[in-house]
Amino acid sequence: MTDPDFIRQTLDALESQGLRRRLIEVGSAAGPHIKVRGRTVLAFASNNYLGLANEPRVREAAKRAIDRWGWGAAASRLVSGHTEAHAALEADLAAFKHTGAAVVFPTGYMANLGLVSALAGRADVVLADRENHASLYDAIRLSGARLERYPHCDAAAAMGVLDEHRGRPGNRLLVTDTVFSMGGDTAPLEALMPVHAEGVLVLVDEAHATGVFGPTGAGLAEALGAGEGITATVGTLSKALGGIGGFVAASREVCQLLVNRARSFIYTTALPAAACEAAREALRIAQAEPERRQRLLQMAKSLRQALQAKGFDIGRSASQIVPVIVGQPERALAMAAALMDQGIFCPAIRPPSVPHGTSRLRISLTSEHTEDDAARLVEALAHARDI
Ligand SMILES: *Cc1c(COP(=O)(O)O)cnc(C)c1O
């Protein structure tokens, strides 16, 4: 069988623009040092912010749960896949987020799909930050709602768009990441939240902030004291919590609606109970050991300062995600390769993940990195820049 021409042409076009992506095989567990193609490298390439993906107590919780529950959940949640482990995890998440309830999905991507498409429909309009995560854009498309994108982090522009839709029939929703996944900058929640008083439903995606920001690690809304009026929060179990799964934390009614309406909840198999038990243990550790997130954010601050002192463009990063913006995709690839030559794995991120002209290296720190690791990275970047 021969592939149609367009497939090869598409791949060739990506290649010639420096945009073709390839998988990299990793031969070890997550951590600051990982094995890539048989070689151990210092990695700044995971979302394992609190080092919980390979934490002994989390591993043990997963093993114990497998012994109790087996591996597969064997059914969707609404049939027979909803175990006591799922219910306990949802209760823990609701307590963590101070909401009436929570609903767990197989991934954060699916949580976004389910939430937006359950709350918005064809008659509604959704305002979205231009740099929101792709899963939110896919979710809006699935909902059939009218999409209005506002310039990145521009609350005044969002208000302007809202004005244009005042008095129209249907609901108005505003959706934003709190910590942006590719820039590491934060949404102006205090400036955005007043829309809630006008009856706008506010959905926030705390995927990168959960476990990291706020006095109890609940997220950026907690850190800013700006949680009042949020209709629903999305979080993931797969980043700071080091596992797999996503969740929505909201009122009991919103959560009941999701169980009845969210297609990505209804028409898919439940997470394994063991994934739920591992997430509960990870959440317990994240809350009991605040020094993990404190160390992470302190190290991130020093790293940002060191990079700026060397003249690197780190955008508006204010988190553990620190981009080094270099412009063209070929340049980002060349610098990533130069880092790899020095034993450092830091991925090049290119369009369509980021806007054209802003290709970058995306540094993501974890609490398991040391100050020495960060210093080594800064030196290696300075060297890679001169190639
Ligand atoms: C990673 C991410 C998601 C998806 O979460 P997964 O659990 O990986 O599917 C959703 N939103 C944002 C902002 C993310 O960065």
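## A walk through the predicted model

Let's start with Ser 319, which sits in the loop between α13 (291-309) and β10 (321-327). Keep in mind that this is a predicted model. Is Ser 319 buried or exposed? Ser 319 counts as buried, since its relative accessibility is 0%. Its side chain still finds polar company: a polar atom of that side chain is 2.8 Å from the backbone oxygen of Gly 184, and one lies 3.1 Å from the backbone nitrogen of Ile 321. Setting aside residues up to four places away in sequence, Ser 319 touches Val 179, Gly 184, Phe 213, Ala 300 and Arg 304.

**Two domains**

That list of neighbours makes a handy bridge to the domain layout. The protein chain is split into domain 1 (17-46 + 290-386) and domain 2 (56-288). How far apart are the C-alpha centres of domain 1 and domain 2? They lie 27 Å from each other. Across the boundary, 18 residues of domain 1 are in contact with 24 residues of domain 2.

**The ligand site**

Now for the part you'd probably dock into. The ligand is surrounded by 15 residues, and the closest are Gly 108, Asp 205, His 208, Thr 236 and Lys 239. Sorted by class, that shell holds two nonpolar, 10 polar and three charged residues. Which helix gives the largest share of the shell? That would be helix α5 (residues 108-119), with three residues.

Here are the polar pairings between protein and ligand, side by side:

| Residue | Protein atom | Ligand atom | Distance |
|---|---|---|---|
| Gly 108 | polar backbone atom | oxygen | 2.8 Å |
| Asp 205 | polar side-chain atom | nitrogen | 2.5 Å |
| Ser 238 | polar side-chain atom | oxygen | 2.9 Å |

With those pairings in view, look at the surface: on its own the ligand has 380 Å² of accessible area, and the protein covers 86% of that. Gly 108 uses its backbone for the pairing in the table, whereas Asp 205 uses its side chain, and so does Ser 238.

**His 86 and Ala 270**

Next up is a pair of residues that touch each other. His 86 is in helix α4 (residues 84-97) and counts as buried because its relative accessibility is 0%. The His 86 side chain makes a polar contact of 2.7 Å with the side chain of Thr 83. Which residues does His 86 contact, leaving aside neighbours within four places in sequence? The list runs Arg 77, Gly 81, Ala 270, Leu 271, Pro 272, Ala 273 and Cys 276.

Ala 270, named in that list, belongs to the loop between α11 (263-266) and α12 (273-288). Ala 270 is buried too, with a relative accessible area of 8%, which falls under the 20% cut-off. Leaving out residues up to four places away in sequence, Ala 270 touches Ala 73, Ala 75, Ser 76, Arg 77, Gly 81 and His 86. The chain separation here is worth a look: Ala 270 and Ser 80 are 190 residues apart in sequence, yet their C-alpha atoms are 8.9 Å apart in space.

**Backbone oddities**

If you check backbone angles before setting up a calculation, a few spots deserve a glance. Arg 37 is not a glycine, but its phi is positive at about 50°. Arg 37 is found in the loop between β1 (33-36) and β2 (39-43), and Arg 37 counts as exposed because its relative accessible area of 67% is over 50%.

Cys 153 is another residue other than glycine with a positive phi, near 60°. The Cys 153 loop runs between β5 (146-150) and α7 (155-164). Is Cys 153 buried or exposed? With a relative accessible area of 15%, Cys 153 is buried.

Then there's a cis peptide bond, from Pro 351 to Pro 352, with omega near 10°. Pro 352 itself lies in the loop between β12 (348-349) and β13 (359-364).

**One last stop: Thr 10**

Back towards the start of the numbering, Thr 10 is part of helix α1 (residues 5-16). Thr 10 counts as partly exposed, because its relative accessibility is 42%. Thr 10 and Arg 20 are 10 residues apart along the chain, and 9.5 Å separates their C-alpha atoms.

How values were computed. Residues numbered from 1 in each chain as written. Predicted model: local features only at pLDDT ≥ 70, side-chain atom pairs only at ≥ 80, totals over all residues. Heavy atoms only, no water. Near = heavy atom within 4 Å. Polar contact = N/O pair within 3.5 Å; in protein donor to acceptor, adjacent residues only side chain to side chain. Areas by Shrake-Rupley, 256 points an atom, 1.4 Å probe, with all protein chains shown as cover. Helix = DSSP H or I, 4+ residues; strand = E, 2+ residues; numbered from the N terminus. Nonpolar A, V, L, I, M, F, W, Y, C, P; charged D, E, K, R; others polar. Buried < 20%, exposed > 50% of the residue type's maximum accessible area, 1.4 Å probe, protein only. Domains from an automatic or database assignment. Contact = heavy atoms within 4.5 Å.
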